[in-house]
Amino acid sequence: MKPLFLLLFFFLTIYQTEAQDQPLKIGVAGLNHGHVGWVFTANKRSDIEIVGIAEPNRELAERYMKQHGLPMDLVFDTLEEMLEKTKPEAVTGFGTTFAHLEIVQHCAPKGIHVMVEKPLAVSLEHALEMKALAEQHNIHLITNYETSWYATNEKAHELFLAGQIGDARKIVVRDGHRGPKKIGVGPEFLEWLTDPHLNGAGALMDFGCYGANLSTWLLQGQRPISVTAITQQLNPADNPKVDDEATIIVTYPNSQTIIEASWNWPIGRKDMEIHGLTGAIFADNAKSLRIRMAQGYDGFREEKFELDSRKAPFDDPFSVLQAVVRGKLKLSPYDPYSLENNMIVMEILQAAKESAASGKTVFLSK
């Protein structure tokens with residue numbers, strides 16, 4: 001029996017290795033997200049294969065299929081039909097944030113993994129249902145943020161956890177641009193991005209999620225004590241239904257995070273500051289980082305870094321998805337992509353919306 005067992009083990013090992021080397025078969029749920037071009041770029045690689053697309057807007061689908069040289073046979077009117085006919089291993093959500101729950105409702109019972117664009121959900125209520133489904137059916141549910149690819153954020157996280165600047169006292173994260181209409185996003189994207197039902201809010205949801213996500217990662221999953229938020233509508237002509245300016249103060253036992261989310265910055269930005277007891281780290285963009293260490297009464301010495309892209313698989317969200325689904329990568333606790341991180345993000349965003357509406361600080365339950 002022993003030789004037979006060894007032979008079976010040998011062939012099973014070969015099969016598993018070959019399966020891991022096959023491209024990850026992914027389905028695309030929706031095409032009306034402005035970042036959907038990323039998945040078509042990934043499709044040109046050898047480790048990713050789009051097997052189906054769910055998009056009821058035929059005109060929109062034909063435009064993308066023609067642009068990327070793909071057949072309309074890939075496109076289905078409904079997510080259910082796409083899943084049934086193509087049987088993807090994972091689905092990427094590129095529709096409205098409101099649609100994220102529906103994607104998980106259809107995919108989780110079939111054991112299909114899901115990656116959505118930030119934020120995880122349109123509300124905490126939706127997020128809780130998504131989490132329950134993912135855990136019940138043992139699927140990966142990950143959230144993609146552009147800032148997860150930034151080498152500066154990785155370096156800042158590494159330096160901070162190594163104690164380079166001491167314990168954190170204040171984290172400041174600023175994200176945004178001149179506004180969706182002013183930067184020229186497509187009409188399909190603009191329509192739902194400025195709809196409070198489909199997006200959950202305006203700039204508060206669109207860009208407030210970044211700071212909540214990074215703060216949770218840096219502070220290793222600490223839940224805040226309270227959230228205070230102020231929102232404004234500074235450009236009602238372009239954003240008549242939603243806020244376009246949001247400032248969120250998140251308090252922790254020993255530190256504070258300030259999130260500045262705006263559709264009114266004159267120049268697009270995604271930057272972060274971590275202020276500790278002995279110094280500060282400035283992640284100015286994806287590749288430029290500065291460290292200032294305190295010297296004397298009010299002086300400092302500064303060190304600058306120009307970094308290369310993050311190493312694979314963290315240089316690209318679809319590489320992360322492929323590695324996680326195939327078991328090559330286990331996300332570290334409270335990694336920006338992780339469900340545990342993004343559930344706390346949703347608590348912060350929900351509290352921020354409630355605070356902005358009521359004009360009061362919202363305390364999170366223990």
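Modeller: A residue is called buried under 20% relative accessible area, exposed over 50%, and partly exposed in between, using a 1.4 Å probe and protein chains only. This is a predicted model, in which local features need pLDDT of at least 70, side-chain atom pairs count only at pLDDT 80 or more, and totals for chains, interfaces and linings use all residues. Residues are numbered from 1 along each chain as its sequence is written, and side-chain values use heavy atoms, with hydrogens and water left out.

Biologist: Why is cysteine 209 called buried or exposed?

Modeller: Its relative accessibility is 0%, and the cut-off for buried is under 20%, so cysteine 209 counts as buried. Cysteine 107, also at 0%, is buried too.

Biologist: How many disulfides does a search of the whole structure find?

Modeller: Zero. A disulfide would need a pair of cysteine sulfur atoms within 2.5 Å.

Biologist: What makes β14 and β15 edge strands?

Modeller: Two strands pair if DSSP finds at least two bridges between them. In the open sheet of nine strands, with mixed pairing, β14 (299–306) and β15 (362–363) each have a single partner strand, so one side of each lacks a neighbour in the sheet.

Biologist: How do you know that β13 and β14 pair?

Modeller: Eight bridges join them in the antiparallel sense, and the cut-off is at least two. Arginine 290, for instance, has lysine 304 of β14 as its bridge partner.

Biologist: Which strands does α7 touch?

Modeller: Contact means heavy atoms within 4.5 Å, and α7 touches β7, β11, β12, β13 and β14.

Key: Helices (H or I, at least four residues) and strands (E, at least two) are DSSP runs, numbered from the N terminus. Axes are lines fitted to C-alpha atoms, for helices over the stretch in contact, and angles run from 0 to 180 degrees between N-to-C directions.
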